[in-house]
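Student: I would like a close look at a single helix of this protein and at its surroundings. Please treat that part first and then turn to the strands.

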Amino acid sequence: MAETHRTKVLIIGSGPAGYTAAIYAARASLKPLLVQGLQPGGQLTITTEVENYPGFADMIMGPELMEQMRQQAEKVGTENRFDIITDIDVSKRPFVCQGDSGDTYIADTVIVCTGAQARWLGLEGETTFNGKGVSACATCDGFFYRGREVAVIGGGNTAVEEALYLANICDKVTLVHRRDQLRAEKILQERLFKHEKIEVLWNKTVEEVLGTDQDGVTGLRLKDTRGGEDTTVDVSGMFVAIGHDPATKIFKDKLDMDDENYILAAPNSTRTNVRGIFAAGDCVDKVYRQAVTAAGMGCMAALEAERLLSEDDHAA
């Protein structure tokens, strides 16, 4: 039977931003309600070793880290709901949201932490070797390939930036691009072409990720887009850098977004254009996309929501 839930703070999404917002809101006695979404725990639940999140001297597995966050949020007073928000009315406060379960959520404030998903090539090997040589984040996973040879797939700013980052760690970086010129900014291209550790393979697409269960990725089979023969490149890792898609569809035409559908927040803030709605994490941030920066934004959002609710109480 459908239920109606009433809360001062509704948090949509359960990655580092969502759980951190929940922890701060709960400690402020706001009794937040968190709707976990389609992928409870966010992208870290499909990540293996996490070595760059502060507070863990030893590596922690991504799913374990998110489980720790969930338990911490519940321990301080967060209510977690297994549901997916499918619609939201932002025309007036309190905001009314509809869940896929049929439940209705009524909230004085909303913190959007729906995240973003990396775009993939659609190859079977991406799934087979995810966490075993296939990654979509050089900053997250590049350290594991120190002194080895890797490939970056893409031709935009992200691909070039990741190649340059990896070149400081790896012995060699091969940038694979399906066209004969890059889309990245000229200054980035200049740095790329000058770097002695980076080789660019033009007019190539990845047809197959090669590897074994024991060794992980060992190479890539590349197709020549001009009709030439397939070639093979020996690498220990493949970093897919063809962009991300923010999970913001239900907020389209309701919250201000940029041309890539990332939610726009006020400078030095998580406030959106709708008073009472805040946004944090990868649905806003297309620059850093790190668990720790998402968590920081979640903290900001909770503090700003608390401040707004306090202002409302004083005005009443």
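Tutor: Contact here means heavy atoms within 4.5 Å of each other. The model is predicted, and the discussion below refers to that model.

The part chosen is helix H6, which spans residues 186-194. Its buried residues are Leu 188, Gln 189 and Leu 192. Viewed down the axis of H6, these buried residues fall within an arc of 100°, so they line one face of the helix. As a general background, an α-helix has 3.6 residues a turn, so residues three or four places apart point the same way. On the other side of H6 lie Lys 186 and Lys 194, both of which are exposed. The cover over the buried residues of H6 includes helix H5 (157-167), strand E12 (172-176) and strand E13 (198-201).

Beyond the helix, an open sheet is formed by 3 strands in the order E14-E15-E16, with antiparallel pairing. Strand E14 (204-212) and strand E16 (231-234) are its edge strands, each pairing on one side only. Neighbouring strands of this sheet are turned by 30° against each other on average, direction ignored. Strand E15 (residues 216-224) pairs with E16 over 4 bridges in the antiparallel sense, and Arg 221 has Thr 232 of E16 as its bridge partner.

Another antiparallel pair consists of strand E6 (residues 85-89) and strand E7 (residues 95-99), again with 4 bridges. A hairpin of 5 residues joins E6 to E7, and Val 96 in E7 is the bridge partner of Asp 89.

Terms used: Residues are numbered from 1 along each chain as its sequence is written. This is a predicted model: local features need pLDDT of at least 70, side-chain atom pairs count only at pLDDT 80 or more; totals for chains, interfaces and linings use all residues. Side-chain values use heavy atoms; hydrogens and water are left out. Two strands pair if DSSP finds at least two bridges between them. Helices (H or I, at least four residues) and strands (E, at least two) are DSSP runs, numbered from the N terminus. Buried means under 20% relative accessible area, exposed over 50%, partly exposed in between (1.4 Å probe, protein chains only). The arc is that of the directions from the helix axis to the C-beta atoms. Axes are lines fitted to C-alpha atoms, for helices over the stretch in contact, and angles run from 0 to 180 degrees between N-to-C directions.
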